[in-house]
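Q: Please give a close account of one aspect of this structure, the packing of its helices against one another. A reader new to the structure would also welcome an explanation of the terms used.

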Amino acid sequence: MSMSTAVNTNVTIDDWDSILSYPDPTQWQTPDPQSPPLATVLATTPWLDGTYHQTSVINASIALNFEGPAIYVFGASGPSYGSYAVSIDGVESSYSAYAAANASLPYLLYSNANLTYSNHTLVLRNLGAAQASDQGAGMFLFDFLLTTVQLGPAGATITNTTVEDNDPLLKYNSTWTEESGPLFSGGTSIYTNTSGASVSLTFNGTALYILGDTVNNHGAYTVTLDNGPPQTYNAIVGCEGVRGKICEKTQPSLKYFASNLDSNEHTVTLTNLAVNGSYFDLDRFIYTTPSQYAPIPSSNPSASAASKTSSSSATSTPKTSAACKPPNIDSTSLMKVPLGLQTIDSHSHSPPHSDHPPKSRFVPLPKLKQQDALEKQWIQKRFDRVPEILKKYKYDVLLMSQREYAEDTVFKSLVPSTTVFAARRRTIYLFHARNVTEFEVANPTVWIDNKPTVWDELNSVLEKLNPKKIAVNIDRDIAFADGLHTGEGEALLGNLTHKFRRRVSSERMIPIEIVSLRAGGESQLAAFKLMTENIWAMIAEGFSLAVIEPGVTTADDLVWWFRDRIQTMNATTWFHPIVNVYGPGKPGMPDEGTYTGPINEGDMVHVDVGITAMNINTDTQHIGYVLRSNETAPPEGLINGLKKANELQDMVRKYMKKGFKRHETGNWVLKKVWAEMNRKKMDGLIFCHPVGEQIAFLNIKSPGSNWQ
């Protein structure tokens, strides 16, 4: 059976993964994942998992033993880089990473898709400025690599099972200590620095992953699979090999990987060697079980020390051990956010291209308790900003009064979504622009009370503050500024004293600015980007033959698959997903939703999906194409169409920037883009709305058209 008809996946090995061998870690430099915080790093970094290994030392090397038919190595190219050597099974070739300008990332340093399916040894070696064309500083930078593995024969279904560190399936020997952390699967990890301490798992599967924390006080350990010899690994890879509890990467890295296993029961044992008291941290095991087995004969099929699935979904399998199917293809992409063209391909396994970004990977969202803590921090920052918003519009007090299940439209921005789902009884918020210490009035002051005495207390506080202008949320045009319900407004105004009732008016921009404020700053933005990356990974999984069976799966099937998948992500659905299918004989816009038949080869699939967590909403649209049996790439027209869409995106992004001047509004951006579209004779629509807390404003327009 050939690889081209099998269920395959590209598996990713990051530069910090312990299955890589750095003969001398002191020759390499790598950023400390703890500085700045990991969430900030992941939100801004071009490097996989926020790390890389870089060296200027001649002959500094990295080695990997792997099993599979293909390998792809990614790093960097630019004026600082020189030559490097790549050796496969002892046959070495040299290359140059020098370029006059920095190349887009990730940069493909090396690829070989013509290997036999057997065990191989890869060695990367820095040569410095060895070639005449090298004008740089002789640096070499390694980010990550991909290798292709088979998970099962054609038609097989794949199930990933996660075994957490506290699962009774694991058999521990000697002393281990549990710790907790938001990035650990299941919220916990377990560690030891005892020599000979071991952990074993017996399982049935075709592939196995062991993942754990990485710190610079880690060291050597062995892994034994079945009756094979123990394989030794060294877990100290970061921060120039300096020993100590520093340079910690709490996002678990790969400690061991095996693939191409047969249907027999297997037992794996990991043993800490505790050289000089070194530690080992275990997060979880994951094993992959196919519905059918068909291992490829190999020189050593049970001992592949290859790869990690930060781009396959094995590292993100739900702890419920549900059948979470990773993509069995390389879903190549030409995208710039938010559009993507992905191929759903059963007969070829396209290598990654150096222009493609790395595949998005599932990164667990914080546990609900951590989400709640984050939201409360952001809410307090929002509270702190309300006085300046009131002063901006020359108001002294904002009153918000609501009853249970009839809340003001601003209410959800003032409470944590993880624990507060509705107002209680009658809930009144009073925000003010006075000095809290001087007036001795909390900001905000909140009442949750159904008794008539609440109005006396409210009037008493107003007497203390003596506001000249009191804002309430009433507006006939904008929903987010019209939160005061009619009956509640009558009760509020009817119970204020005559003096303060005369001072009540509305200013639509006060509630709008409160709601639209990204109060959490960079940490809130990092959470949004983390959610978005999970959405991209989910779409890549949904746009694969692990989920779509051409001729059988319908758009409605895919919609409900997305709904079910979202439930495993510690998130909820912002809106019911939309999946449309375009192809020969199928209706186009605006009747695209009327087709109810199966998705076929040659069809284009469109998805619009969003999730909600921590009161943040995402909204993502991607398109995919199902390759015909005689195709190796999507039709040229689709590719060119996507390029034109990307060109329009670039035009919009050119004018969307930080630090807008007063006249540079959203409509100003729109007019600028229309003008450029007209100059280029480009016909298209612009769809734009903010995402984030609750909001969904919408603009759709093309040059010369009416508003739609």
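A: The account below takes the helix pairs in turn and then follows one helix to a pocket.

The model is a predicted one, in which local features need pLDDT of at least 70 and side-chain atom pairs count only at pLDDT 80 or more, while totals for chains, interfaces and linings use all residues. Residues are numbered from 1 along each chain as its sequence is written, and side-chain values use heavy atoms, with hydrogens and water left out.

Two packed helices are described by the angle between their axes and the distance between the axes. Helices here are DSSP runs of H or I with at least four residues, strands are runs of E with at least two, and both are numbered from the N terminus. An axis is a line fitted to C-alpha atoms, for helices over the stretch in contact, and angles run from 0 to 180 degrees between N-to-C directions.

The account begins with α2 (368–392). This helix packs with helix α7 (residues 509–516) at an angle of about 150 degrees, their axes lying 10 Å apart. The two helices α2 and α7 are therefore roughly antiparallel to each other; angles over 145 degrees count as roughly antiparallel, those under 35 as roughly parallel, those from 65 to 115 as roughly perpendicular, and the rest as oblique. The crossing of α2 and α7 is right-handed, a term for a near helix turned clockwise from the far one by less than a right angle, whereas an anticlockwise turn is left-handed. On the α2 side the contact involves R382, V386, I389, L390 and K392, and on the α7 side I510, E513, I514 and V515, where contact means heavy atoms within 4.5 Å. By class, this contact of α2 with α7 has six nonpolar, no polar and three charged residues. In this scheme Ala, Val, Leu, Ile, Met, Phe, Trp, Tyr, Cys and Pro are nonpolar, Asp, Glu, Lys and Arg are charged, and the others, Gly among them, are polar.

The next pair is formed by helix α4 (residues 453–465) and helix α5 (residues 486–495), whose axes come within 10 Å and cross at roughly 60 degrees. Helices α4 and α5 are therefore oblique to each other, and α4 passes α5 in a right-handed crossing. W455, L458 and N459 of α4 touch E488, A491, L492 and N495 of α5. The residues of this contact divide into four nonpolar, two polar and one charged.

Helix α10 (residues 636–655) packs with helix α11 (residues 666–679) at an angle of about 140 degrees, with axes 9 Å apart. Helices α10 and α11 are therefore oblique to each other, and α10 crosses α11 in a right-handed manner. In α10, L648, M651, V652, K654 and Y655 meet W668, V669, K672, V673, E676 and M677 of α11. Eight nonpolar, no polar and three charged residues make up this contact of α10 with α11.

Helix α2 also has a place in the second largest pocket. This pocket is lined by 25 residues, with S417, T418, F421, T612 and N615 nearest its centre. The elements giving two or more residues to its lining are α2, β28 (572–582) and β29 (604–613). On a 1 Å grid over the protein atoms alone, a pocket is an open set of points where a 1.4 Å probe fits, with protein on both sides within 12 Å along at least five of seven lines; a cavity is a set from which the probe cannot get out, and lining residues have an atom within 4 Å of a point. The second largest pocket holds about 540 Å³ of space, a volume being the space filled by probe spheres set on grid points, which are joined across faces, edges and corners. Its lining has ten nonpolar, twelve polar and three charged residues.
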